[in-house]
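User: Please take a close look at a single sheet in this model and at how it is put together. Add some context from the rest of the assembly where that helps.

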Amino acid sequence: MAMAKSTDTNQPLLALSDYTIRFATPDGTVKAVNGLDLSVGRGETVAVVGESGSGKSQTFNGVFGLLAGNALTAGQATFEGRDLLKLSPRELDTVRGADMAMVFQDPMTALNPAMKIKHQLSETLKVHKGLKRRAAEAQALAMLKTVGIPEAERRIEQYPHELSGGMRQRVVIAMALLCRPKLIVADEPTTALDVTIQAQILDLFRDLTTDAGTALVLITHDLGVVAGIADKVVVMYAGRIVEEAGVDALFARPAMPYTAALIRSIPRVDRDVEAVEPIGGRPPDLIHPPTGCPFHPRCRFAEDKCRSERPPLAEIEPGRRAACWFPFIDETSATGDTVRSPETLDG
Amino acid sequence: MAETLLSVEHLSTVFSLRGRSLFAPNVDLKAVSDVSFSLEKGETLGIVGESGCGKSTLGRSILRLIEPTAGRVVWQGRSLTDLSDGEMRKARRDLSIIFQDPVASLDPRMNVGQIIAEPLKVAEPSLSRKERRQRVEKVMEEVGLAPEMINRYPHEFSGGQAQRIGIARAIVTEPKLIVCDEPVSALDVSIQAQIVNLLKALKQRMGLTLIFISHDLSVVRLVSDRILVLYLGRVVEIGPRREVFANPGHPYTKALLSAAPIPDPAIARARGRTVLKGDPPSPINPPSGCAFRTRCPIARDVCAEVPPSLAEVGAEHRAACLFWEEVRGDPAVTV
């Protein structure tokens, strides 16, 4: 179900509803994604955060029709009113690349090592927009400049292995942007990069979403990188959404113990912290998920109810949802949106 | 009085690469260039820098896993670089290393017990099988692995657990110094915290001295007493953690700090854009003068002429920038 926003009456760009993915394996059925309800509005930047195995990547691989052969999907994934799960592969191809594009963690896997950059980029335009070679290459060059590739005229004649990791990721982003998609899904786009290059790529995404009004889904295990870029954060655990909130509210007042624990586990570059608090235990086994709340074996607030009954994802205040029997709700701030003042930088 | 355990003196490591064509001359890649520092017992030195800055090569050159080209590594008063292979093997029980990719650094055909026991066989060949097994079980407990897992194989473990195996292997000979080469970079943030806390606890309990190599400044800030910043194989800044983070003396350090994400939306948005553009230049043909000048926001003509030496910018705090006073005084280039 889409989040009710009184100011925004438009239908969301992408809406997942009761979206479920199962994998049949020799050891049993992996319940990778379980009844997900998630929406992405036009121009919105949504961060999807979770640990390895939380289902965050599989959710969007499924949206793009990129799941392994042993996967079964159910529910709906509606993009501009069309259910992607019901499209034929040929129909899906017209949406993919043109209206929605994906950026992966490792740019090398997304690029053909035997093709010059200009051919990789112009191919997309020839296929989706029917452009002729010269026009396609001119647009490709312009896009390389847009994403900040220095000496674009020289780079476009090169092969992927001749570029650095950060530059390759820019090429992949340029490729994703070529057909001016309405949605970009970026799966850990900066995890393989240095902090300096990560900051440049995040700046680039921020500009693109602001200038072109592109919606962005940023999939990451690192809550730290989403703070400066996301509008909304969705926290996933064991293939379910366990919390969803605006970025300020989520960091200032996490409602679900798992979110709070994730925030406490991040070290800070801007202040001295004596120790970070790790999340004990391990992510759950998705073949035999725990009963009740999937997080209860690692939750220090768990009570009997958490072990026996699974909490539904419920609205805890306007625009916020959490799946927890005992969410932290701050009484004083429930009425107004009290924005926490920025902590003074260490000096 | 603190005891100097390790001193690295003018260490350089040069790789000779084949020329571009059959008859072209070989080219030199200076991965580590004239690096000097010393480490006291019980101290943790964080080494930071971008990919290709030479931080891993430096760590390995100190342990002679890569032979340095010039300079000395003095370990407890003896020059490691002058030891024979046999003497070096004896010295190795005091020196250990933890690698970045926890699963790839474990032999998939050996079980956990064999992996952890491997360094013991070399360091203490006189131990009986039973004694060895006891030592292995003891370190498994110390790193938080159940001793029942001793017969399992690496692929049965998650990344975090595999890194615990790597740590157990590193501490089984009861070393004095461990080089941790990006030990948490391949792990989820929530698991990183477990491993960082484990390393800190082991350091306390065993009185270890650590060299902690990472590109992640937040993690480095958490574990280090002192920070060494490398750029294209050269030390551009070294000093106490507090000083380097609060009052950096080199524009590169400042740029690195400004690029590190902060998990607070208000601060993250207010910080604005990163000052550092582009990638580091090639170490094969580094810029003249100050190697950082091509990306430096405050570079001037003079920076192309002479490579700046490390200047005293505070107590025990040195930076290699001609304009360090400006760097520290200019609030526009803030973190």
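Analyst: The sheet in chain B is described here, followed by the contact between the chains and the overall form of chain A. The model is predicted.

In chain B, four strands form an open sheet in the order E2-E1-E4-E5, and their pairing is antiparallel. The edges are taken by strand E2 (27–40) and strand E5 (78–79) of chain B; each has a single partner strand, so one side of each is left without a neighbour in the sheet. Strand E1 (residues 4–17) of chain B runs antiparallel to strand E4 (residues 70–75) of chain B, and five bridges join the two. Within E4(B), B:Val73 is the residue that stands opposite B:Val8. Helix H1 (residues 55–62) of chain B packs on the sheet, where it touches E1, E2 and E4 of chain B. The direction of helix H1 makes about 65° with that of E2(B).

Chain B also meets chain A: 41 residues of chain B are in contact with 45 residues of chain A. On the chain B side, the elements that give two or more residues are helix H6 (189–206), helix H7 (217–223), helix H8 (241–246), helix H9 (251–259) and helix H10 (265–270) of chain B. That side of chain B divides into 23 nonpolar, nine polar and nine charged residues.

As for the partner, chain A has twelve helices and twelve strands. Its radius of gyration is 21 Å, close to the 20 Å given by the globule rule for 347 residues, so chain A is as compact as a globular protein of that length. The C-alpha trace of chain A spans about 65 × 55 × 45 Å along its principal axes. Of the 347 residues in chain A, 49% are buried.

Notes. Residues are numbered from 1 along each chain as its sequence is written. Chains are lettered from A and ligands numbered from 1 in the order in which they are written. This is a predicted model: local features need pLDDT of at least 70, side-chain atom pairs count only at pLDDT 80 or more; totals for chains, interfaces and linings use all residues. Two residues are in contact if their C-beta atoms, placed from the backbone, lie within 7 Å. Ala, Val, Leu, Ile, Met, Phe, Trp, Tyr, Cys and Pro count as nonpolar, Asp, Glu, Lys and Arg as charged, and the others, Gly among them, as polar. Two strands pair if DSSP finds at least two bridges between them. Axes are lines fitted to C-alpha atoms, for helices over the stretch in contact, and angles run from 0 to 180 degrees between N-to-C directions. The radius of gyration is taken over C-alpha atoms; the globule rule is 2.2 Å times the number of residues to the power 0.38. A residue is buried if 20 or more other C-beta atoms lie within 10 Å of its own, exposed if 12 or fewer, and partly exposed in between; C-beta atoms are placed from the backbone.
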